[in-house]
Amino acid sequence: MPQSRPPDQGASTHARLVAQVSSALSDLGVEFEQPQEGTFVAVLPGERKLRTTVSLLVGEHSLTVNAFVVRRPDENLEACYRWLLQHNAKHPGVAFGVDPLGDVYLVGQLPVAAVSPDALDALLGRVLDTADTSFNTLLELGFSSSIRREWAWRVSRGESLANLAAFTHLIDPDV
């Protein structure tokens, strides 16, 4: 007959890991909430993508990370998804995925035994870097018509174009 572990061993390991993740996030200066035991929602500040929201779920065997990148592209869906697949191999520890609605996420996992403050810092760093460096490309591929419409709307009303500056080349072909 297989021997089972004491009933509280799994619970104490889970609680210890939850405390470790909470402590690591605090030590890293990451803004986060813990809406329920073992679930964290963190916000990572970026440059191109100003905020990347990351969900961390402490499971029995792993720490799972999910980060929203962009909503389902409006256009060029095949080109967007091809770009995502081609870039998955370039980001160790995280991969692009899509949810049932077609929204783009980054996903990653750490085995429970590998969770440490340094490993969490490295994983969150990869998530932030990947989301931030991919953001404008994904917007350009999947939302260029929307960007052009937004540009025209802002120009017609004298609104600021500052946060659209990265997409000037979509508007003026001479740039």
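Guide: Helices here are DSSP runs of H or I with at least four residues, strands are DSSP runs of E with at least two, and both are numbered from the N terminus. The model is predicted: local features need pLDDT of at least 70, side-chain atom pairs count only at pLDDT 80 or more, and totals for chains, interfaces and linings use all residues. Residues are numbered from 1 along each chain as its sequence is written, and side-chain values use heavy atoms, with hydrogens and water left out.

Visitor: Which residue shares a polar contact with the side chain of R149?

Guide: R149 belongs to helix α3. A polar contact is a pair of N or O atoms within 3.5 Å; within protein, one must be able to donate a hydrogen and the other to accept it, and residues adjacent in sequence count only if both atoms are side-chain atoms. At 3.1 Å, the side chain of R149 has such a contact with the side chain of S146.

Visitor: Is R149 buried or exposed?

Guide: Buried means under 20% relative accessible area, exposed means over 50%, and partly exposed lies in between, with a 1.4 Å probe and protein chains only. R149 has a relative accessibility of 55%, so R149 counts as exposed.

Visitor: How far apart are the C-alpha atoms of R149 and I171?

Guide: Along the chain, R149 and I171 are 22 residues apart. In space, their C-alpha atoms are separated by 9.8 Å.

Visitor: Where is the kink in α3 centred?

Guide: With 41 residues, α3 would reach 60 Å as a straight helix at 1.5 Å a residue, but its end C-alpha atoms are only 48 Å apart. The expected span is 1.5 Å times one less than the number of residues. The bend at a residue is the angle between axes fitted to the seven residues ending there and the seven starting there. By that angle α3 has a kink of about 90°, centred on F143.

Visitor: How many salt bridges does a search of the whole structure find?

Guide: Side chains of opposite charge can pair when their charged atoms come close. A salt bridge is counted when a side-chain nitrogen of Lys or Arg is within 4 Å of a carboxyl oxygen of Asp or Glu. Searching the whole structure on that basis gives a count of four.

Visitor: Which residue does E150 meet in a salt bridge?

Guide: E150 is partly exposed at 30% relative accessible area, whereas its partner is buried at 15%. The two residues lie four apart in helix α3 (residues 117-157), about one turn of the helix. The bridge is 2.7 Å from N to O, and the partner is R154.

Visitor: What distance separates N and O in the salt bridge of R82 and E78?

Guide: R82 and E78 are four residues apart in helix α2 (residues 77-88), so about one helical turn separates them. R82 is partly exposed at 41%, and E78 is exposed at 61%. Their side chains meet with an N to O distance of 3.3 Å.

Visitor: Which residue forms a salt bridge with D74?

Guide: D74 is partly exposed, with a relative accessibility of 43%. Its closest N and O atoms across the bridge are 2.8 Å apart, and the partner is R71.

Visitor: What arc do the buried residues of α2 cover around the axis?

Guide: The buried residues of α2 are C80, W83, L84 and H87. They lie on the same side of α2 because of the arc they cover, taken from the directions from the helix axis to the C-beta atoms. That arc is only 100°.

Visitor: Which elements do the buried residues of α2 pack against?

Guide: E78 and L85, on the other side of α2, are exposed. Packing here rests on contact, meaning heavy atoms within 4.5 Å. The buried residues of α2 pack against β5 (95-98), β6 (104-111) and α3.

Visitor: Which residues are in contact with S134, leaving aside its neighbours within four places in sequence?

Guide: S134 is in helix α3 and is buried at 2% relative accessibility. Its side chain reaches the backbone oxygen of T130 at 2.7 Å. Beyond neighbours within four places in sequence, the residues in contact with S134 are W83 and F96.
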